[in-house]
Structures are given as C-alpha cells and as structure tokens.
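Visitor: Got a minute to walk me through this one? I'd like to start with the cysteines and then move on.

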Protein chains: 2
Amino acid sequence: MSTIVSITGATPRAAVDRDDAPVERMVGNWLLASLSPDDFGLLAPHLEPVSFAVGDFITRAGDPIESICFLEQGIAGVLDSLDDDRRYAVGLVGAEGFIGWPLVMGDDRSPYDVTMRAERGQALRMPAEALLAAVDQSPTLRLTLLRFAHVFMVQMGRTVVSSLAHSIERRMARWILLYHDRVQADEICMTHEEFRLMLGVRRSSVTDALHRLEEEHAIRAVRAKVLVHDRTKLMALAGDTYGQPEQDYVRLLQMDRRR
Amino acid sequence: MSTIVSITGATPRAAVDRDDAPVERMVGNWLLASLSPDDFGLLAPHLEPVSFAVGDFITRAGDPIESICFLEQGIAGVLDSLDDDRRYAVGLVGAEGFIGWPLVMGDDRSPYDVTMRAERGQALRMPAEALLAAVDQSPTLRLTLLRFAHVFMVQMGRTVVSSLAHSIERRMARWILLYHDRVQADEICMTHEEFRLMLGVRRSSVTDALHRLEEEHAIRAVRAKVLVHDRTKLMALAGDTYGQPEQDYVRLLQMDRRR
DNA sequence: AGGACTTTGCACGGTTCCGTACAGCAACGT
DNA sequence: ACGTTGCTGTACGGAACCGTGCAAAGTCCT
C-alpha cells in the first residue's frame, strides 16, 4: 500500500498549503491560482464574488448555463436526478475545480443539478460568454479547464466501479475522502440524510456504516458531523477506487507545483 | 411516455439511415460523417483502416494514447479496472463516437481499457499528434470531438444513477438499448459472461434477468445472442436512465440532420 | 459419431441491503 | 421549563443478490 501513502503526500490540499506565490494567496480557487498571469488576466475583469447557503442551487439540470463558478470555499454536490424526486450524487466539486464545464465542452445546458453542501459557500463567478471568449483566446486556459473536466470524468468512472463492486462501508470511506480532500478541515458537516443521497442507500445503512468506520477508529461521528481521524485507514478501507483520479489531478493540473 | 417514443424516431441510427450526402456514404463513422468537408479534409490524409477481433485491446489503462480510432463497425467496451483482475464497463462506444477522447481533453494517457466487443471491428485510425494538430487548426472539429466526450460523460452519470437505483433487470434493459443503438442490427452477440462484466453482477443473475425480459417479450435470448424484439418495452423497463443522453447526442452532434 | 469445450439453467444457503417503524437524544425557540 | 423539530440509533421481516456447484444443452473439432 505504499503507493497510496505517497498520494497523500501529493494531495491537492498539501500542494496548496505549501504554495506561496503571490497570486495564489489572493484567490482561493486552485485552478485560478494555477493559471499563468496572462490567463488569469483574461478572466479577472469578469470575476465577481458570490456566496451560497446550504442547499442553494448553483446550476439546475436542463437550464442554460449562464455563468460559471470557481468555488473558493465550500463544496458542491453534482447530482443526477431521475424523473421522480430521487437524486443521486455523481461527484463533488470544491476549490480544486469549477462548475460549468459543459460549457467548455460545447454544451450550453447543464445536465446536472449542482448544489452547495457547506454552510458558507464562496465563489468567483463570471458570465458564460466572457468565459467562452477567454477560452477562445487562450489555448492554455482551455487546456486547464478541460483537464479538470477530464479528471472529474475519471472520478465518475471510479464512482461507477465503486457502486458496482464495493460495500456501503467502502463506498462511504471513499466519499469521506473525496469530501475531505475538498474542505480545508478534518470536520465534515453532513447529516446521515445527506450521505444517503450520495450513496443511494437508506438512511439507517449510513448510520450502520459510520459505526463500522468508527469501530475501526478511522473517523468519529458526532451529530451532523464526521471527524476524519485516520486518513490512511480510510484509504485502506476505500481500496482502489480512491487514489488514481487524485494522482491524475496532480499530474495534469499541478505539475509545476510538485516541488 | 410520448417523449421516449419520439427519441426513437430521432435515434442516431435513423438519422444516418436517412442520410445520403456523398461523404457520409464513404465513412461509416457518424462523427466523421458529420464533419464539414474542410474538417474532414484535415483528418482524411492521416486516417488508415484497421480491424479488430473480439477482445482486442484498443487502448489500455495507463498507456500513452498513441492513436485515436473512429469505429466504423463493431462496438467497444470502455472498462475501468480495479487493482485485482475485476473490470467493469463504464460505457460503450460504437460508430457514433471515437476512442481516445482524453487526448482532446489534455491527457496523453488512457484512464480506461477499451476492448472490442463485436466479431469484426473496423475503424479508421490516426496518430495522436496528427489529431492534436488538426484540432488546433479547427475550432469546429474540436467542438465536435469535445461534444462527443461530453455526451459520453453524461452517459456515465446515468450509469452511476442506474447502478444505484435500479434492479439488475432494469439495468440490463438499459445496456441492451445502449448496445442496440450502436450496432446496426437487432441481433446482439453477447454471452451472459460478457453481460456480467458490464453490470458487475454474477453470471446467473444475468441469466435470470434475461429470462424476465424474455417473459415480457422485450427480447429473445438464444445462445450467445440477444434478439431485440420490442424496443419500446425495453425503454419502459429501463426507465429514465435511458433517453436523455441520447437526446443530447442528437441535439449537439446532429442538429443539422434532424430534418 | 464421439469427445472437448462453451454456454446456459438451476438450486442451495448465506449475506447485504431494503422499507418501515419507532424511540431516544440534541438543538432551538418561546 | 416546555414543546417542537431535526438527527440518530435500533429493530423486524423481506427482497435482492451473492458465491458456489453442478447438470443440461449447444457448438466445434477430429
């Protein structure tokens, strides 16, 4: 399992913590922070700060994408919904990415609901047309945005495999890790009911799985919160559905920051 | 369910059947066929025909992408593998798309195994560098390729939802439809063992599910084959995890062909 | 025709997970 | 203090699905 441990060392959060270039101090979004001054300059005039509350919709499935969001704080769930009311999480986006990638891929509508999952979400938003214009001007900017979409896609593939092959306990460990990677704290604020949506299971199965993770001392579960206690143990539990997309993210989007 | 029936009418296969422009006679790949003469001209000099046998690898997970393939005949399974030997299908690609899209998204390695699932697979292949050069020259070509990747991604999202929410029988109906869309016949050559991989279930569960689909007269299952008998019934069984990505495909990639 | 091999049908007990229901407990307002 | 609301723990029977093993049936080769 030495490969997995090495991923921890190169995890996106660590890379950002270590970073101290001036631009990257100013913006909390890692993608924006990784842009060249020129590329950032293309976007900067159009960026405006916005904030979200828990449950706020950032985009709605089927709606035209009018703006894209670079999250700086908080974490968003990407949900695919069936015709009935049930919705299932297909991914998470935090400060490591942006919301609205279908635009860069040639679609003007969002296939997903994207909702804020954290208490105070903050983002930099810009109009769709401005982004498309910027992307047409700068191949490197386009590359960065496309690479994020690609990593997200790889992530989704692992979600498929995970839901086909793994028990609820393992899948839960994976989602906790994905969440943990994207918030800047060991405290994950999420009720069992919210976990239920991500995993597509019934609420009490979440309770049971959390208990088992707690027995293994990987986490501590308190009311409406999960405290990450032992990341290494979580990774061992999650197995091989966690790790590879994270490596891809570092390889494709933080090549110059790996020291 | 009238919306679903209307999708059938606008299904990619139908659009191609109706088509009779000269270029589109010559190439069996729908993406290539939909390109403008100029865009097609950028690719044509580099395209060389190749053929594949069942089980042949078109790309291997982790390997550099040296060429991309536009399938003309046959159908390929996109597989994500765990560290052990188990592999699970995350999608299918036939003549409606191409293999190697990570290249266009800024990655030079394939995250997936892609293997030929049909008896005689035929494709037009071109070197990675040539494709990248062509894409840099033509924004519209890039758009087409990205849009395919996007629809494939939406497809994957539905696969997640389907595996979380639906019974084996429903998921099976969905995969049969996806397969049926991509081959030009009502005869699907696939053993229960191969279905097993796509669905991530045990082989005898496939047998049972096929029997239930057969009881409803949606299909007929014979040795190593499934005969699609009633597409409408399959769509009703598959429910809402089938249909929307197919509509997106038509909307984004065949806008000018819908009559 | 006979044998080897692949594919399919079926059955067994065991496990995971579901749907549902209800009770205990924490947080919060008044 | 009190009730209200939201979150969590637990229990029950039942359904879906698993792993396994084996027999029947189809296909192919010689």
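**Cysteines, DNA and one helix**

Guide: Cys189(A) is partly exposed, at 38% relative accessible area. Keep in mind that this is a predicted model.

Visitor: And Cys69(A), buried or exposed?

Guide: Buried. Cys69(A) has a relative accessibility of 3%, and the cut-off for buried is under 20%.

Visitor: How many disulfides over all chains?

Guide: Zero.

Visitor: OK, DNA next. Which residues are closest to DNA strand C?

Guide: Arg202(A), Ser205(A), His192(B), Arg223(B) and Ala224(B). They belong to a set of 18 residues surrounding the strand. On the DNA side, sugar and phosphate make up 55% of the strand C atoms that come within 4 Å of the protein.

Visitor: What touches the bases there?

Guide: The side chain of Arg202(A) puts an N or O atom 2.6 Å from a base oxygen of strand C. For the side chain of Ser204(A), the distance to a base oxygen is 3.4 Å. Ser205(A) goes to the backbone instead: a polar side-chain atom sits 2.6 Å from a phosphate oxygen.

Visitor: Which helix gives the most to the surface near strand C?

Guide: H11(B), with four residues. Helix H10 (203-215) of chain A also gives two or more.

Visitor: And the class split near strand C?

Guide: Four nonpolar, nine polar and five charged residues.

Visitor: Switch to strand D. Which helix gives the most there?

Guide: H10(A), with four residues. H11 of chain B supplies at least two. By class, the surface near strand D has four nonpolar, nine polar and five charged residues.

Visitor: Any polar contacts worth listing for strand D?

Guide: Three. Arg202(B) has a side-chain N or O atom 2.6 Å from a base oxygen. Ser204(B) has one 3.5 Å from a base oxygen. His192(A) uses a backbone N or O atom, 2.9 Å from a phosphate oxygen.

Visitor: New topic. Which residues of H7 in chain B are buried?

Guide: Ala128(B), Ala130(B), Leu131(B), Ala134(B) and Val135(B).

Visitor: Why do you put them on the same side of H7(B)?

Guide: Because they cover an arc of only 160° around the axis.

Visitor: What's on the face turned away from the buried side?

Guide: Exposed residues: Glu129(B), Asp136(B) and Gln137(B).

Visitor: And what do the buried ones pack against?

Guide: Several elements of chain B, namely helices H5 (37-43), H6 (101-104) and H8 (139-165), plus strands S3 (67-73) and S7 (120-127).

Key. Residues numbered from 1 in each chain as written. Chains lettered and ligands numbered in written order. Predicted model: local features only at pLDDT ≥ 70, side-chain atom pairs only at ≥ 80, totals over all residues. Heavy atoms only, no water. Disulfide = S-S within 2.5 Å. Buried < 20%, exposed > 50% of the residue type's maximum accessible area, 1.4 Å probe, protein only. Near = heavy atom within 4 Å. Polar contact = N/O pair within 3.5 Å; in protein donor to acceptor, adjacent residues only side chain to side chain. Nonpolar A, V, L, I, M, F, W, Y, C, P; charged D, E, K, R; others polar. Arc of directions from axis to C-beta. Contact = heavy atoms within 4.5 Å.
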